[in-house]
Structures are given as structure tokens and as C-alpha cells.
Amino acid sequence: FELRIQTLPERQNTKTQWAKDNKMEGLDQEQPEGSKMRSMKLPSVRNQSASDYQITAEQLLREATLQQQEDPNPPRQRITDKEELNSYKLTKRKEYEDSIRMRRQHMGTWIKYARWEEELYEFRRARNIYERALEVDYQCVQLWLRYAEMEMKNKFVNHARNVWDRATKYLPRVDQFWYKYTYMEELLGNYVRAREIFERWMEWSPGEMGWHAYIKFEIRMTEIDNVRKVYERYILCHPLPQTYLKYARFEEKNRNRPGARTIYSRALVELGELGNDEKLVLNFCKFEIRCKELDRARILFKYGLENIPKAKANNLYNEYMAFEKQYGERTDIEEAILTKRSNYYESCIKSNPFNYDHWFDYINLQETEKNIEATRELYEKAIAQVPPIKEKRYWKRYIYLWLNYASFEELIADQPERAKDVF
């Protein structure tokens with residue numbers, strides 16, 4: 001480049017003329033002495049207005065992404081002798097150790113490292129890696145599971161038991177450890193040890209699924225007495241309606257109907273307020289119907305309708321109606337219909353106590369039953385709902401309540417003195 005400038009002296013003359021034509025005198029700077037290379041002047045932009053076609057950064061990034069090529073797959077490495085294999089192992093182990101050193105808390109790297117050693121049948125190295133990882137974070141559930149599954153898969157039974165014992169000792173609230181431990185012992189046919197493991201688990205008062213697993217194990221062993229003992233402990237640990245239901249169904253399934261009836265009765269007594277459950281009472285009633293104890297079923301239906309809130313007993317009402325239509329007499333059916341209608345009117349009155357049409361319908365329903373005291377009590381409740389606004393249209397229906405009340409006392413109740421007091 002220096003030779004080219006020296007052999008073209010005419011550039012000296014054209015440089016000044018070019019700077020004048022483009023009005024770029026400010027760019028014409030003298031070269032320092034001793035410089036062998038002369039700088040060229042940058043051309044100016046004559047049209048400084050915006051271009052018609054604008055390119056955004058988003059377009060540039062999109063184009064770069066579209067033109068980006070995928071990384072080629074690494075070449076497949078073929079190992080031909082033991083020396084190459086050892087070299088490959090050394091390289092991979094160094095990579096894993098470096099990765100662990102950089103991210104010591106990342107359990108995925110530990111697990112990959114151990115599984116890689118397992119694939120090479122280096123079980124002692126794999127165990128060493130798992131033990132090192134447990135020293136870093138012994139609360140990692142996946143780490144314990146992978147460790148124990150490695151021992152089980154390769155039939156190291158005693159090693160697997162050691163891992164499960166330590167896992168259940170340090171993390172007893174992880175149900176998955178107990179499930180897999182008991183399942184392994186049951187597969188090995190060591191039922192006594194499996195029962196011991198279940199007993200250790202039950203000492204921690206696990207959830208319902210843990211108790212179900214223990215019960216199913218005893219059922220598979222056909223130990224019915226043990227099942228009953230486990231159910232007794234189960235309802236003490238979880239005093240809920242569904243636990244009593246499961247116990248009662250078990251007894252009924254084993255053709256112990258007196259025992260099932262006892263369980264249902266205990267549920268109603270021992271649970272207290274929780275015993276007023278629609279599902280529990282309904283199942284008890286259906287059980288008595290299956291036992292052909294219709295009178296007991298009717299009493300239970302009435303007990304449920306009296307003690308369970310009306311909003312939570314819709315299915316119980318429907319089943320009671322179906323029961324009376326199938327097994328009851330005419331008076332029983334009428335009583336069931338009366339109960340259902342009474343509950344409907346009570347819910348309507350509770351939602352809007354100033355709707356006097358509901359009061360009239362409810363009072364007429366009671367009058368048809370000729371229950372003087374209940375009808376008089378209902379009239380008293382109705383007249384207590386005084387209209388909140390002093391306008392004639394609101395008071396018109398309310399006054400008719402008083403008139404009907406007086407007529408009821410005079411004509412139906414045959415109490416002229418009470419009718420006079422009402423007037």
C-alpha cells in the first residue's frame with residue numbers, strides 16, 4: 001500500500017480539489033512528520049434523509065435465526081482396544097468431576113454420573129458417587145430412589161435394604177420410600193419383614209393411603225383378624241366418616257353383618273357432629289334395607305332428616321321418598337311428602353321472610369295435617385314479620401295473616417277467646 005501511494009503522485013493534486021468540491025476541509029489534516037502512510041478522506045453522505053426501506057433489529061435477529069445452522073452431530077467414536085477404553089473413561093470422568101465441581105448442588109449431574117458408571121458395571125464407583133451426593137443433599141428424594149433402584153435392579157438385596165433403611169430413617173414422611181421397601185420385601189417372599197416395615201411406618205401416623213396399603217397387604221395374606229386390628233387403629237388415627245364406611249363395607253363383604261351394623265352405630269356415636277354426614281347415614285340406611293330391616297331403615301332416615309342440615313340432605317330426602325313409595329304405606333308416603341314440602345317452604349321463608357305467599361302456603365300445609373299447636377306457632381312466626389315500609393301495598397297481605405289467624409282460632413281451633421285476643 002505504501003508503494004502504491006508513492007508511485008501515484010497525482011493523488012496529491014486531486015486530494016485538495018476533491019475536498020473543496022465536497023466541502024470537507026475539516027477532514028483534511030496534515031500527516032505527522034515521519035509518517036510513511038497517508039490517510040484517505042472519508043466520503044460524505046450527500047443525501048442525509050431517511051431511507052424508504054427501514055430495517056429493524058427484530059428483522060436482523062430473525063434473519064440470523066433462520067440462517068443459523070444446526071450443530072453437526074459429533075462423530076461416532078469407536079473403541080478398539082483396552083487402552084482407548086481407559087482413555088475414554090478417564091476423559092468422561094474428568095468431565096463429570098469438573099461439572100460437579102462447578103455445580104455441586106445440582107443433583108442431576110450426580111445421578112447422570114452414577115448411572116454412567118452403572119452402565120459400565122462399575123458398581124463400587126457408582127455407590128461411591130451416590131454416597132458423595134448424599135453428603136451434599138440427603139433430602140433429595142430422587143437421589144435415594146435412584147440409588148435403591150440401582151441396587152434392586154442388579155439384585156444387590158442387602159445393599160438395597162441398607163439404602164431403604166437409611167432413607168426411611170432420615171425421611172420418614174416420604175411415603176414412596178415405604179411403598180417401594182414393602183413391595184420389595186413382598187416380592188422376595190419375606191412377609192414377616194414386610195409386616196415389620198409396615199408397623200414401623202404406622203408409628204409415624206401416615207395418611208389414608210398408607211393405611212390402605214397395610215390393609216391390602218393383610219388381605220392378600222388372608223389375615224382377617226389382622227385386618228380388623230389395623231382398621232381399629234386406622235379409625236383412631238383418622239376419625240372420619242369415610243374411614244368408618246370402609247371398615248363397615250369390609251365387614252359386610254366378609255358376611256359379618258352384625259359387625260358392620262356395630263361399626264355404623266359406633267360412627268354415629270363416636271364422631272359426634274361429624275357423624276351427621278349424609279353419605280354415612282345414607283349408606284347405613286341402604287345397609288339396613290339390604291338386611292330387610294325396614295323399620296330400622298325408616299328410623300335412620302328420620303334421624304338423618306332431623307339432624308342433618310336441609311341444604312346438605314337433598315339426596316337423603318330423595319332416597320327417603322323412593323323408600324316410602326316402595327316399602328311404605330299411604331300414611332308413610334304422605335308424611336314423607338309433608339316433610340319434603342315443609343323443608344322447601346322453610347328454605348324459601350329463610351331466604352325472604354317478607355314473602356307472605358310462602359307463609360300462606362306453609363300455613364295451609366300445616367292446617368291440612370290438623371296440627372293445632374304447630375299451626376298456631378307458625379302463625380305467630382308469620383305475624384312477627386312486620387313490613388319494614390309503611391305503604392299500603394306492603395301491608396295488604398300482612399293484614400290478611402291476622403284475619404286468617406283469627407278465623408283459625410275461632411273455626412278450626414274452637415278458641416273464641418283467643419280469636420278475640422287476635423282481633
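**Helix packing and residue environments in the predicted model**

In the predicted model, Trp211 is located in helix H11, which spans residues 208-220. With a relative accessibility of 3%, Trp211 falls below the 20% limit and is therefore classed as buried. When residues up to four places away in sequence are not counted, Trp211 touches Met202, Pro206, Val230, Arg233, Tyr234, Cys237 and His238. The C-alpha atom of Trp211 lies 9.0 Å from that of Phe198, a residue 13 positions away along the chain.

Two of the residues touched by Trp211, Tyr234 and His238, also appear in the surroundings of Thr243. Thr243 belongs to helix H13, formed by residues 241-253. Its relative accessibility is 0%, so Thr243 counts as buried. Apart from neighbours within four places in sequence, Thr243 is in contact with Tyr234, Ile235 and His238.

At the level of the whole chain, the model contains 22 helices and 0 strands. Of its 423 residues, 34% count as buried. Among contacts between residues at least 6 apart in sequence, 44% join residues that are at least 24 apart.

In soluble globular proteins, nonpolar side chains tend to be buried together. In the present model, the largest nonpolar core comprises 76 residues, and those with the most contacts inside it are Leu143, Phe177, Phe301 and Leu316. Helix H15 supplies the largest share of this core, namely 7 residues. Another core lies apart from it and consists of 15 residues, including Leu338, Trp359, Leu378 and Tyr398. For Leu316, the contacts beyond four places in sequence are with Glu278, Val281, Leu282, Phe301, Gly304, Leu305 and Ile308.

Several of these partners of Leu316, among them Val281, Leu282, Phe301 and Gly304, also take part in the packing of H15 against H16. Helix H15 covers residues 278-290 and helix H16 residues 294-307; their axes come within 8 Å and cross at roughly 170 degrees. Angles over 145 degrees count as roughly antiparallel, and H15 and H16 are therefore roughly antiparallel to each other. The crossing of H15 past H16 is left-handed. On the H15 side, the contact involves Val281, Leu282, Phe284, Cys285, Glu288 and Ile289, which meet Arg296, Ala297, Leu300, Phe301 and Gly304 of H16. By class, the residues of this contact comprise 8 nonpolar, 1 polar and 2 charged.

The loop between H15 and H16 contains Lys292. Most residues other than glycine have a negative phi. Lys292, in contrast, has a positive phi, near 65 degrees, although it is a residue other than glycine. The relative accessible area of Lys292 is 67%, and the residue is therefore exposed.

A further helix pair is formed by H6 (residues 123-136) and H7 (residues 141-153), which pack at an angle of about 160 degrees with their axes 10 Å apart. This angle makes H6 roughly antiparallel to H7. As H6 passes H7, the crossing is left-handed. The contact draws on Ala126, Arg127, Tyr130, Glu131, Ala133 and Leu134 from H6, and on Leu143, Trp144, Arg146, Tyr147, Met150 and Glu151 from H7. The residues of this contact divide into 8 nonpolar, no polar and 4 charged. Leu143, part of the H7 side, is also one of the residues with the most contacts inside the largest nonpolar core.

Beyond H7, the loop leading to helix H8 (157-170) holds Lys155. The phi of Lys155 is positive, at about 65 degrees, although the residue is not a glycine. With a relative accessible area of 71%, Lys155 is exposed.

An intermediate degree of exposure is found at Asn404, which is situated in helix H21 (residues 392-412) and is partly exposed, with a relative accessible area of 31%. Leaving aside neighbours within four places in sequence, Asn404 is in contact with Phe360 and Tyr379. The C-alpha atoms of Asn404 and Phe360 are separated by 9.2 Å, while the two residues are 44 positions apart along the chain.

How values were computed. Residues numbered from 1 in each chain as written. Predicted model: local features only at pLDDT ≥ 70, side-chain atom pairs only at ≥ 80, totals over all residues. Heavy atoms only, no water. Axes fitted to C-alpha atoms, helices over the stretch in contact; angles between N-to-C directions. Helix = DSSP H or I, 4+ residues; strand = E, 2+ residues; numbered from the N terminus. Parallel < 35°, antiparallel > 145°, perpendicular 65-115°, else oblique. Left-handed = near helix turned anticlockwise from the far one by under 90°. Contact = heavy atoms within 4.5 Å. Nonpolar A, V, L, I, M, F, W, Y, C, P; charged D, E, K, R; others polar. Buried < 20%, exposed > 50% of the residue type's maximum accessible area, 1.4 Å probe, protein only. Core = buried A, V, L, I, M, F, W, Y, C linked by side-chain atoms within 4.5 Å.
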